[in-house]
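Please look through the sequence and the structure below before reading on. The report that follows takes up a few features in turn, beginning with charged side chains.

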Amino acid sequence: MNFERVTKVYREESGKKTLVGLEADFYDKLAAYVTRLDQSANTEAHKNPNSPKALLLQDELRKVRKRRDQIFTYRERKLALLASSRASGAEVDVPSLTTQERLLFDAMVALLRKGRSDAFGGPPVGAEPSAPALPAEKPTPPSREPPAGMKVVKAEDTKRTTVPASLKDHVLVHVLEDLPPFAGIDTTYRLKREDVVTLPKTIAQILVDRGKARIVQVGGSGT
C-alpha cells in the first residue's frame, strides 16, 4: 500500500457510479500504511519540524487520511444502493468487497428486508422488541458447555450501543480467530479468538461461512 495506490482507488471511486473491486484486506493494509506514515512524520518532526522531509510527510499523511475517508464514503453510498436493490428482490452484481464491507452489505440487506417485512404485515413498526436471553455460563446440557479455558462474553459487550433484538434472530457462536473491528447494524463488533458471543444469525452465518467462527447454540433452541 502506498500513496499512488490510495490516489488511484480514490480517483476510480469518485469517477464511477459502480463499485471498484478491492481485495478483502484493503482497509487493513491501508490502516497499516497510515500508521507507518504517521510514525515517520512524527520522527522527522522531532528532528526538525520545518525540514522539507518533515513537511512532505505531514502533507502526504493529511492527504492519505482525507482520501481514505472519501473512499469509504463513496463506497458506503454505493453499497447502500446495492443493498436496497437486493432487499427488494433484484439480482445485483456485487464486485469484490473488503471483509468489513461484505459484513456491512449483508447486514444492510438483512435490515432492509426486515423493514419491508414489518411494513408489509410484520410486527407493528415501533413495537417493543423482546430482549435477547443471555447465554448461561454453565448450561444444563453438558454438550453445550464451552470448552475448558474458553471465556464467555455477551455480544452486547462488544458493541458501542446495545441494540435489543429478538431471541430467535440470534445464535451463540465460538470465535475461532481474532477479527478486525467491523460495523454491524448501528453497532461495531470487536471479536477475539476464543470469544463466545450471541450474534444476529445473518452476521454469524457470514463468519461461519468464512471459517472465522462456529455455531455453538441456536438462540431459543432450548425453549
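## Salt bridges within helix α3

In this predicted model, the side chains of Asp59 and Lys63 meet in a salt bridge, with 3.2 Å from N to O. These two residues are four places apart in helix α3, and Asp59 and Lys63 are therefore separated by about one helical turn. An α-helix has 3.6 residues a turn, so residues three or four places apart point the same way. Lys63 counts as partly exposed, at 30% relative accessibility, and Asp59 also counts as partly exposed, at 28%.

Asp59 has a further partner, since the side chains of Arg62 and Asp59 meet in a salt bridge with an N to O distance of 2.6 Å. Here the spacing is three residues in helix α3, and again Arg62 and Asp59 are separated by about one helical turn.

## Other salt bridges

How many salt bridges does the count come to? The count comes to 16 salt bridges, and one of them joins Lys53 to Glu44, where the closest N and O atoms are 3.6 Å apart. The two partners differ in their surroundings: Lys53 is exposed, with a relative accessible area of 51%, whereas Glu44 is buried, with a relative accessible area of 12%. The cut-offs make this clear, because buried means under 20% and exposed means over 50%.

Salt bridges can also be followed from residue to residue, as in the network that links Arg5, Glu23, Asp25 and Lys29.

## Helix α1 and its two sides

Helix α1 takes in residues 3-15, which makes 13 residues, and it reaches 18 Å from its first C-alpha to its last, close to the 18 Å expected at 1.5 Å a residue. At the start of α1, the backbone nitrogen of Glu4 has a side-chain oxygen of Asn2 within 3.2 Å.

Which residues of α1 are buried? They are Val6, Thr7, Val9, Tyr10 and Glu13. Seen down the axis of α1, these buried residues fall within an arc of 165°, so they line one face of the helix. That buried set packs against α2, residues 26-47, and α3, residues 52-87, while the face of α1 turned away from its buried side carries the exposed residues Glu4, Arg11 and Gly15.

## Aromatic pairs between helices

A pair of aromatic rings is described by the distance of the centres and the angle of the planes. The count comes to three aromatic pairs. In one of them, the rings of Tyr10 and Tyr74 have their centres 6.4 Å apart and their planes at 35°, so the pair is tilted. Tyr10 lies in helix α1 and Tyr74 in helix α3, so this pair ties together parts that are 64 residues apart in sequence. Tyr74 counts as partly exposed, at 26% relative accessibility.

The rings of Tyr27 and Phe72 have their centres 5.7 Å apart and their planes at 65°, so this pair is edge-to-face. It links distant parts of the chain, with Tyr27 in helix α2 and Phe72 in helix α3, 45 residues apart. Tyr27 is buried, with a relative accessible area of 13%, whereas Phe72 is partly exposed, with a relative accessible area of 32%. Ring pairs also bring Phe26 into the picture, linking Phe26, Tyr27 and Phe72 into a cluster.

## Lys78 and its neighbours

Is Lys78 buried or exposed? Lys78, whose place is in helix α3, counts as buried, at 11% relative accessibility. Leaving aside residues up to four places away in sequence, Lys78 touches Glu13, Lys16, Lys17, Thr18 and Leu19. Among these contacts, Thr18 is 60 residues from Lys78 along the chain, although the C-alpha atoms of Lys78 and Thr18 are separated by 7.0 Å.

## Helix α4

Helix α4 covers residues 99-119, has 21 residues and reaches 31 Å from its first C-alpha to its last, close to the 30 Å expected at 1.5 Å a residue. Its buried residues include Leu103, Leu104, Phe105, Ala107, Met108 and Val109, and charged residues such as Glu101, Arg102, Asp106 and Asp118 are also among them.

What do the buried residues of α4 pack against? They pack against α2, α3, β2 (182-183) and α5 (201-209). Just after α4, Gly121 takes a positive phi of about 125°.

Methods: Residues numbered from 1 in each chain as written. Predicted model: local features only at pLDDT ≥ 70, side-chain atom pairs only at ≥ 80, totals over all residues. Heavy atoms only, no water. Expected span 1.5 Å × (residues − 1). Buried < 20%, exposed > 50% of the residue type's maximum accessible area, 1.4 Å probe, protein only. Arc of directions from axis to C-beta. Contact = heavy atoms within 4.5 Å. Polar contact = N/O pair within 3.5 Å; in protein donor to acceptor, adjacent residues only side chain to side chain. Salt bridge = Lys/Arg side-chain N within 4 Å of Asp/Glu carboxyl O. Phe/Tyr/Trp six-rings, centres within 6.5 Å; stacked < 30°, edge-to-face > 60°.
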